[in-house]
Amino acid sequence: MSIDKVLDAKGLACPMPIVKTKKAMDELESSQVVEIHTTDKGAKNDLAAWAKSAGHELLKYDEENAVLKFWIKKG
């Protein structure tokens, strides 16, 4: 998987991971991928729901050492 942008949202509480993700997505071209790192446990549901409602695709989700990682492809 080719990553076009990495977003560090660790330590940020809701809704900031989504706000930062939306801003990062605005800078990408269609079908580019952003990798997001966050420690906000609520982001698992929030980012998945936001990606779907915004027309993007959640490609993968992973958790590593209390850091949630998401890969979202711009729609």
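Biologist: Leaving aside its neighbours within four places in sequence, which residues is K60 in contact with?
Modeller: This is a predicted model: local features need pLDDT of at least 70, side-chain atom pairs count only at pLDDT 80 or more, and totals for chains, interfaces and linings use all residues. Residues are numbered from 1 along each chain as its sequence is written, and side-chain values use heavy atoms, with hydrogens and water left out. K60 lies in strand β3. With contact taken as heavy atoms within 4.5 Å, and neighbours within four places set aside, its partners are M1, K69, F70 and W71.

Biologist: Is K60 buried, partly exposed or exposed?
Modeller: Buried means under 20% relative accessible area, exposed over 50%, and partly exposed in between (1.4 Å probe, protein chains only). K60 has 40% relative accessibility, so K60 counts as partly exposed.

Biologist: Which strand does β3 form a hairpin with?
Modeller: Strands (E, at least two residues) and helices (H or I, at least four) are DSSP runs, numbered from the N terminus. Strand β3 covers residues 57–64, and seven bridges join this strand to its antiparallel partner, where pairing takes at least two DSSP bridges. Two residues sit between the strands of the hairpin, and the partner is β4.

Biologist: How many bridges link β2 and β4?
Modeller: Strand β2 takes in residues 33–38 and pairs with β4 in the antiparallel sense. One facing pair is V34 and I72, the latter in β4. The bridges between β2 and β4 number six.

Biologist: How many of the seven residues of β4 are buried?
Modeller: Strand β4 spans residues 67–73 and is mostly covered. F70, the bridge partner of Y61, is one with 0% relative accessibility, so F70 counts as buried. In the whole strand, the number buried is six.

Biologist: Is the ring pair of Y61 and F70 stacked, edge-to-face or tilted?
Modeller: Phe, Tyr and Trp rings (for Trp, the six-membered one) pair with centres within 6.5 Å; planes under 30 degrees apart are stacked, over 60 edge-to-face, and the rest tilted. By this rule there is one aromatic pair. The ring centres of Y61 and F70 are 5.1 Å apart with planes at 45 degrees, so the pair is tilted.

Biologist: Which helix gives the most to the largest nonpolar core?
Modeller: A nonpolar core joins buried Ala, Val, Leu, Ile, Met, Phe, Trp, Tyr and Cys residues through side-chain atoms within 4.5 Å. The largest has 14 residues, and those with the most contacts inside it are M25, V34, I36, L47, F70 and I72. Helix α1 (16–26), strands β2 and β4, and helix α2 each supply at least two residues. With four residues, the top contributor is α2.

Biologist: What is the relative accessible area of H56?
Modeller: H56 is found in the loop between α2 (43–54) and β3. Leaving aside neighbours within four places in sequence, H56 contacts M25, W50, A51, I72, K73, K74 and G75. H56 is buried, with a relative accessible area of 16%.

Biologist: Where is the place of P15, the residue joined to C14 by a cis peptide bond?
Modeller: The omega of the cis bond between C14 and P15 is about 10 degrees. P15 has its place in the loop between β1 (5–9) and α1.

Biologist: What is the phi of N65?
Modeller: N65 belongs to the loop between β3 and β4 and has 72% relative accessibility, so N65 counts as exposed. Although N65 is not a glycine, its phi is positive, at about 55 degrees.
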